[in-house]
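Subject: Structure handover

Dear colleague,

Please find the structure below. My notes on it come after.

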Amino acid sequence: MKDKLLKGKIQQKLITLAILAGTVILLSVTGIGCLNRFLFGFPCPGCGITRACMAALRGDFIEALRWHPLFWIAVPGILYIFLGEKPLFGKEKIETIFIVAIALSLLLVWIIRIFWAEYFGLFNIDGGTGFMVKLVKQIFCEVF
């Protein structure tokens, strides 16, 4: 029974990983890249983490920090999600605090990067270029 449960968990994680990998490949091949940027015209809180990790793998840590200063949480986070024992450190409260701290850190970095986008020079923010914005404008232009 325990082996069957473990096998089911492994299958579930492999399916989730395959779906994530397929989504990343699809977004890359189609040129969409960041889905948030495509839909709304501005980057998501995690924009640049993949490029930062690739720069770090090349040994270019300055470039990695430039792409996203929290790149270093990506690999341990993914490994924990797929391989880690739940809850983190044996207590759900610690796990919740840890996850909230990471989410708040990502949000803070995102806000800073949006307000100082020109300074960082990594991305342009133009809400008018997002697919959803264009769609809403098109609908309202036809209605009114």
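The notes cover the pocket, the cysteines and one helix.

This is a predicted model, in which local features need pLDDT of at least 70 and side-chain atom pairs count only at pLDDT 80 or more, while totals for chains, interfaces and linings use all residues. Residues are numbered from 1 along each chain as its sequence is written, and side-chain values use heavy atoms, with hydrogens and water left out.

The largest pocket (an open set of points on a 1 Å grid over the protein atoms alone, where a 1.4 Å probe fits, with protein on both sides within 12 Å along at least five of seven lines) has a volume of about 1500 Å³. That volume is the space filled by probe spheres set on the points, which are joined across faces, edges and corners. Its lining (residues with an atom within 4 Å of a point) comprises 41 residues, with G46, I49, T50, A74 and I78 nearest the centre. Two or more lining residues come from each of α1 (2-29), α2 (35-40), α3 (49-57), α5 (74-83) and α6 (92-115); helices are DSSP runs of H or I, at least four residues, numbered from the N terminus. The largest share, eight residues, belongs to α5.

There are zero disulfides (cysteine sulfur pairs within 2.5 Å). C53 is buried (under 20% relative accessible area, 1.4 Å probe, protein chains only) at 17%. C44, at 23%, is partly exposed (between 20% and the 50% above which a residue is exposed).

In α6, the buried residues are E95, L106, V109, W110 and R113.

Regards
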